[in-house]
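Here are my notes on the model, as numbered points. Please read them alongside the coordinates.

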Amino acid sequence: MRFTNKTVFITGAAGGIGRQTGLSFAKEGANVAVSDLDFEMAERVANEIKSAGGIAESFKLDVTNQNETIETMNNAYKHFGGLDVAFCNAGIREIVSPLELSIEEWRKVIDINVTGVFITAQTFAKHCIKEKIKGNIVITSSTLSVTAAPNRCAYTSSKHATAGMTKQLAIDLAKYDIRVNAVGPGVIRTPLTERYFQDEEASQKVRNLHAMKRWGEPNEISSAVLYLASEEASFCTGTNLIVDGGWTAGKDW
Ligand SMILES: NC(=O)c1ccc[n+]([C@@H]2O[C@H](COP(=O)([O-])OP(=O)(O)OC[C@H]3O[C@@H](n4cnc5c(N)ncnc54)[C@H](O)[C@@H]3O)[C@@H](O)[C@H]2O)c1
């Protein structure tokens, strides 16, 4: 098992990608700190991991709150006696014309998707330096960190920022033996995207976005996260690994 005696801290861990990544890390021997704004759902995921024979604890965390993040990571560290990987995954998205997008909505998306990721990564990096841990940070970016899609101005801007942040943190933290990488999913079936699947026309459109003519499943993202956080990726830092069934490879015409 690749993560025996390691502890992984996941944000947005109650959602589709976070939950599956927690389950996958636990299967590989990791202790999992399951954090989410939605504590009830986080508890459910932690219980699911425990029922499958893993080790997990749930934490309520709003990633936009720096003090709460510091306190929650400290609590996870005390609970498990270590903290080795941070998966900065919590994120939201708007679907509205940029002409109609309110400044409140813009700020909310940027606050969670950019500032929240930065707060999690910074808090974790300080912990690693203090405890002399060879840490690993994985950030959830998106295909929209390298391209755009209609009516997602705040989301696309936020995800491009995560790609830049990944590179910047990678070069600044390498001297502390901390690797920083991102995973950029195509469309993955999760609560965030569930509404695409409500009618056949919309789900066909989603399939057609990808060269492989299908959407992805959360385990196809968690496997990439585990790879980047593992020793198999020991020379990998500053990478934005796009996992998108060929969406951004080019257009089919
Ligand atoms: N599903 C996709 O197709 C897809 C594609 C590309 C990127 N992503 C990214 O993957 C990540 C996870 O998405 P998902 O599809 O699992 O979505 P999801 O909605 O299922 O999960 C997101 C989780 O984040 C939590 N969250 C929201 N605001 C928070 C906050 N302020 N503090 C802490 N937690 C908060 C939510 O409660 C939820 O549990 C996001 O960053 C998203 O942008 C998803």
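1. Helix H3 has five buried positions to check: Thr 69, Thr 72, Met 73, Ala 76 and Phe 80. A residue is called buried if 20 or more other C-beta atoms lie within 10 Å of its own, exposed if 12 or fewer, and partly exposed in between, with C-beta atoms placed from the backbone. Seen down the axis, the buried residues of H3 fall within an arc of 100°, so they line one face of the helix. The arc is that of the directions from the helix axis to the C-beta atoms.

2. This is a predicted model, in which local features need pLDDT of at least 70 and side-chain atom pairs count only at pLDDT 80 or more, while totals for chains, interfaces and linings use all residues. Residues are numbered from 1 along each chain as its sequence is written. Helices (H or I, at least four residues) and strands (E, at least two) are DSSP runs, numbered from the N terminus.

3. The buried residues of H3 pack against E1, E2, E3 and H4; contact here requires C-beta atoms, placed from the backbone, within 7 Å. On the other side of H3, Asn 67 and Lys 78 are exposed. Lys 78 has 9 other C-beta atoms within 10 Å. Between the C-alpha atoms of Lys 78 and Met 41 there are 22 Å in space and 37 residues in sequence.

4. The 15 residues of H3 reach 21 Å from first to last C-alpha, close to the 21 Å expected at 1.5 Å a residue. The expected span is 1.5 Å times one less than the number of residues in the helix. Just after H3, Gly 81 has a positive phi of about 80°.

5. Helix H2 (residues 39-51) can be checked in the manner of a ruler: its 13 residues should span 18 Å, and its end C-alpha atoms are 18 Å apart, which agrees. Ala 42, Val 45, Ala 46 and Ile 49 of H2 are buried. These residues cover an arc of only 100° around the axis, which puts them on the same side of H2. Glu 40 and Ser 51 are exposed, on the face of H2 turned away from its buried side. The cover over the buried residues of H2 includes helix H1 (16-27), strand E2 (31-36) and strand E3 (55-60). Gly 53, just after H2, takes a positive phi of about 95°.

6. Which residues does Ser 35 touch beyond its neighbours within four places in sequence? The contacts are Phe 9, Ile 10, Thr 11, Ala 13, Ala 42, Phe 59, Leu 61 and Thr 72. Ser 35 belongs to strand E2 and is buried, with 33 other C-beta atoms within 10 Å. Its C-alpha atom is 5.9 Å from that of Ile 10, although the two residues are 25 apart along the chain.

7. In strand E4 (residues 85-88), Val 85 and Phe 87 point one way and Ala 86 and Cys 88 the other, and all are buried. In a regular strand the side chains alternate between the two faces of the sheet. E4 runs parallel to strand E1 (residues 7-10), with three bridges joining them, and parallel to strand E5 (residues 136-140), with four bridges. Strands are paired if DSSP finds at least two bridges between them. Val 85 stands opposite Val 8, and its bridge partner in E5 is Asn 136. The chain passes from E4 through helix H4 (residues 103-131) to E5 in a right-handed β-α-β crossover, meaning that the path from the first strand over the helix to the second runs clockwise with the strands pointing away from the viewer.

8. The ligand has 30 residues around it, and Gly 12, Gly 15, Gly 91, Thr 190 and Leu 192 come nearest. A residue is near a molecule or strand if its C-beta atom, placed from the backbone, lies within 6 Å of it. H1 and H4 each supply at least two residues of this shell, with the largest share, three residues, coming from H1.

9. Two residues other than glycine deserve a look for their backbone angles. Asn 5 has a positive phi of about 65°; it is in the segment before E1 and counts as exposed, with 12 C-beta neighbours inside 10 Å. Asp 177, in the loop between H5 and strand E6 (179-185), has a positive phi near 65°. Asp 177 is partly exposed, with 13 other C-beta atoms within 10 Å.

Methods
Two residues are in contact if their C-beta atoms, placed from the backbone, lie within 7 Å.
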